[in-house]
Amino acid sequence: MTHLVLVGGGHAHALALRGLALDPEPGLRITLVAPERYSPYSGMLPGHIAGLYGFEAMHIDLERLAKAAGADFVRARATGFHGADKRIALDNGENLSFDIASIDIGITPDLDAIDGSRTHALAVKPIGSLIPKLEGLIAQAQHPDGPRRVLVIGGGAAGTCLAFALLHRLRRESDGRVIDVALATAQEITPEINAAARFFLRRSLRRVGITVHEHSRIARIDANGARTVDGRDLTADAVLVASHAQAPAVLAEGDLARTPDGFLAIGEDLRVRGQDAVFAVGDCATMTAHPRPKAGVFAVRQGPALRRNIRALVRGEALSPHIPQKDWLMLIATGDGSAIASRGGSFAFAGRLPWLVKDRIDRKFMALFDHDALPTKS
Ligand SMILES: Cc1cc2nc3c(=O)[nH]c(=O)nc-3n(C[C@H](O)[C@H](O)[C@H](O)COP(=O)(O)OP(=O)(O)OC[C@H]3O[C@@H](n4cnc5c(N)ncnc54)[C@H](O)[C@@H]3O)c2cc1C
């Protein structure tokens with residue numbers, strides 16, 4: 001039997017494992033390693049905060065998925081990746097030997113980049129820890145002396161849609177009291193979308209009253225809010241950090257090739273450079289010949305390609321290249337049943353339709369992991 005170890009329950013692994021559940025590869029034994037049973041689909045987090053999706057709607061049940069694929073599910077965190085020895089070290093002290101391994105463990109916030117963020121801020125990742133903290137914040141906001149001013153640090157697509165979602169939810173639940181949500185970002189807002197879409201986005205932010213502090217790099221967070229590197233104070237009762245993502249430190253533990261900024265360096269066939277039997281996918285990997293921003297759209301496309309190349313490796317066949325797309329659709333929900341779409345250098349659209357498209361894409365993705373959509377294994 002060939003032993004495949006999948007480390008991390010990110011989007012790419014979830015899709016690859018689903019493919020192997022529906023069409024099992026003879027002679028392949030699979031182990032899935034993840035620290036939590038439920039893996040969040042972060043594209044639906046703003047909708048969850050806004051109250052549109054329940055917990056189940058935005059989480060993949062990894063244990064159920066593993067069972068459907070006849071795989072072992074090991075609830076642990078990897079602490080080292082040893083390609084030469086073909087073993088993965090785990091935080092429970094065990095070492096898992098593999099014939100083929102794949103790593104999909106996402107990114108992690110660089111909280112040390114901002115003084116005080118560990119003590120005084122909520123970090124957007126891991127999402128599993130963020131959700132109960134945000135629910136706590138929303139509950140506190142219902143009290144007359146609860147938090148009124150929220151500052152979101154990070155003006156990328158994730159931070160921006162979180163700001164919209166929080167504003168709408170807090171206003172709805174705070175009994176008519178004034179709620180202020182502000183965004184601080186080191187560059188201009190959402191540099192990843194085109195100028196026309198950014199125009200629509202700025203207009204939506206203005207309309208709902210979210211104050212945007214562009215070109216405002218934050219140096220410090222304390223109990224009163226945040227201070228920019230040029231000494232301006234942004235007062236807030238609660239601060240959420242959605243910026244400064246970095247490669248997980250654990251990727252440095254072992255002998256796998258990395259990029260200068262610490263991500264696993266992969267080739268077009270998704271294998272880590274210099275490794276015959278170790279793949280890496282999703283945000284934790286950078287395809288050195290075709291680097292792309294860290295986004296779920298790429299992880300999702302890598303899932304089926306990973307499954308194909310795992311099969312090819314098991315069968316001793318040639319692996320196929322997977323080149324990430326050059327332009328892609330970005331959909332930023334504005335929390336009010338609308339969204340802003342951006343594709344390439346000029347396509348932009350704002351309103352109800354992009355939201356319906358986003359909602360459909362997200363629900364369709366999650367439906368792939370419904371109980372009824374997976375084979376039953378005893
Ligand atoms: C609020 C928000 C909204 C977003 N919206 C969008 C969007 O609309 N469109 C889009 O394209 N992208 C979006 N993104 C980005 C997108 O969510 C990520 O790019 C995507 O989740 C990356 O998927 P992944 O496969 O790398 O793994 P992830 O989804 O990051 O999952 C990694 C998994 O690995 C596990 N893990 C971590 N460390 C270890 C370890 N040491 N050992 C074992 N397992 C481990 C984690 O528990 C987790 O289950 C958003 C992000 C956020 C925060």
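Is C161 buried or exposed? I'll start there. This is a predicted model. In it, C161 has a relative accessibility of 13%, and because the cut-off for buried is under 20%, C161 counts as buried. Another cysteine, C284, is buried as well, with a relative accessible area of 0%. As for disulfides, searching the whole structure turns up zero.

Next, the annotation. The UniProt record, an unreviewed entry, puts a feature called "domain: FAD/NAD(P)-binding" at residues 3-303. Across residues 3-303, helix accounts for 27% and strand for 28%. The C-alpha atoms at the two ends of that span are 19 Å apart.

Now the packing. As a general point, nonpolar side chains in soluble globular proteins tend to be buried together. Here the largest nonpolar core has 110 residues. The members that touch the most other members are L45, F81, I88, I103, L166 and I210. By element, helix 6, residues 157-173, contributes the most to this core, with nine residues. Where does this core lie with respect to domain 1 and domain 2? Domain 1 is 2-107 + 247-326, and domain 2 is 109-243 + 332-341 + 347-355; both give residues to the core, so it lies between them.

Take F81 from that list. Setting aside neighbours within four places in sequence, F81 contacts V7, R87, I88, I103, I105, V250, L251, E253, G254, D255 and L256. Of these partners, I88 and I103 are also on the list of core residues that touch the most other members.

One last item on packing. Apart from the largest core there is another, of 15 residues, including A123, A182, I218 and A236.

Technical notes:
Residues numbered from 1 in each chain as written. Predicted model: local features only at pLDDT ≥ 70, side-chain atom pairs only at ≥ 80, totals over all residues. Heavy atoms only, no water. UniProt positions renumbered as here; feature names shortened; annotations may be inferred. Helix = DSSP H or I, 4+ residues; strand = E, 2+ residues; numbered from the N terminus. Core = buried A, V, L, I, M, F, W, Y, C linked by side-chain atoms within 4.5 Å. Buried < 20%, exposed > 50% of the residue type's maximum accessible area, 1.4 Å probe, protein only. Domains from an automatic or database assignment. Contact = heavy atoms within 4.5 Å. Disulfide = S-S within 2.5 Å.
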